[in-house]
Amino acid sequence: MTPRIANPAKAAPDVYQAMVRLEQAVAASGLEHSLLELLKIRVSQINGCAYCLHMHTADARKAGESEVRLHLLAAWRESSLFSPRERAVLTWAESLTRIEQSQAPDADYAVFKAEFSEAEQVKLVFAIGAINVWNRLAVGFRSAHPAGPTRVAA
């Protein structure tokens, strides 16, 4: 895979730094780090962003997330390992990421609203929007994730 733009941060530093500041504001917003990582991973799965999946699964592991939950995240609806709060944010993250299909239905919002205050809802929508932008940068410009082993030794 050949990158289309080797360094988006260098190509448009002011706009790129604005995204970094948004990411920092969301990280400092008081929302649980584990919740933010789960939504970033799930949105990146939907968008097929290998770069962001590599980054956020590594960050989640460093923060103590289990391998089992990371493996089951793509099938979270069929797993009992996710809390109601996590299920609510995953529901809303999927709904907003697939907004052309979902139209952000009232049923999805009701699940989300039941678990989060208005301030948390707004912060989470910014988090969902931000990871969608990062995915579009990485996928659109063909950003390659760091190389690693292709197989785990037996």
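## Exercises on cysteines and positive phi

In this predicted model, alanine 104 is found in the loop between helix 7 (99–102) and helix 8 (106–115).

**Exercise 1.** Describe the backbone phi of alanine 104 and decide whether the residue is buried, partly exposed or exposed.

*Solution.*
1. The phi of alanine 104 is positive, about 50°, although the residue is not a glycine.
2. The relative accessibility of alanine 104 is 22%.
3. Buried requires under 20% and exposed requires over 50%, so alanine 104 counts as partly exposed.

**Exercise 2.** Locate arginine 142 relative to helix 9, then give its phi and its exposure class.

*Solution.*
1. Arginine 142 lies in the segment that follows helix 9 (118–140).
2. Arginine 142 is not a glycine, yet its phi is positive, at about 60°.
3. With a relative accessibility of 27%, arginine 142 is classed as partly exposed.

**Exercise 3.** Determine how many disulfides a search of the whole structure finds, and explain the result for cysteine 49 and cysteine 52.

*Solution.*
1. Searching the whole structure gives 0 disulfides.
2. For cysteine 49, the nearest cysteine sulfur is that of cysteine 52, 3.4 Å away.
3. For cysteine 52, the nearest cysteine sulfur is in turn that of cysteine 49, at 3.4 Å.
4. A disulfide needs the two sulfur atoms within 2.5 Å, so neither cysteine 49 nor cysteine 52 is in a disulfide.

**Exercise 4.** State whether cysteine 49 and cysteine 52 are buried or exposed.

*Solution.*
1. Cysteine 49 has a relative accessible area of 1%.
2. Cysteine 52 has a relative accessible area of 4%.
3. The cut-off for buried is under 20%, so cysteine 49 is buried and cysteine 52 is buried.

Note on methods. Residues are numbered from 1 along each chain as its sequence is written. This is a predicted model: local features need pLDDT of at least 70, side-chain atom pairs count only at pLDDT 80 or more; totals for chains, interfaces and linings use all residues. Side-chain values use heavy atoms; hydrogens and water are left out. Buried means under 20% relative accessible area, exposed over 50%, partly exposed in between (1.4 Å probe, protein chains only). Helices (H or I, at least four residues) and strands (E, at least two) are DSSP runs, numbered from the N terminus.
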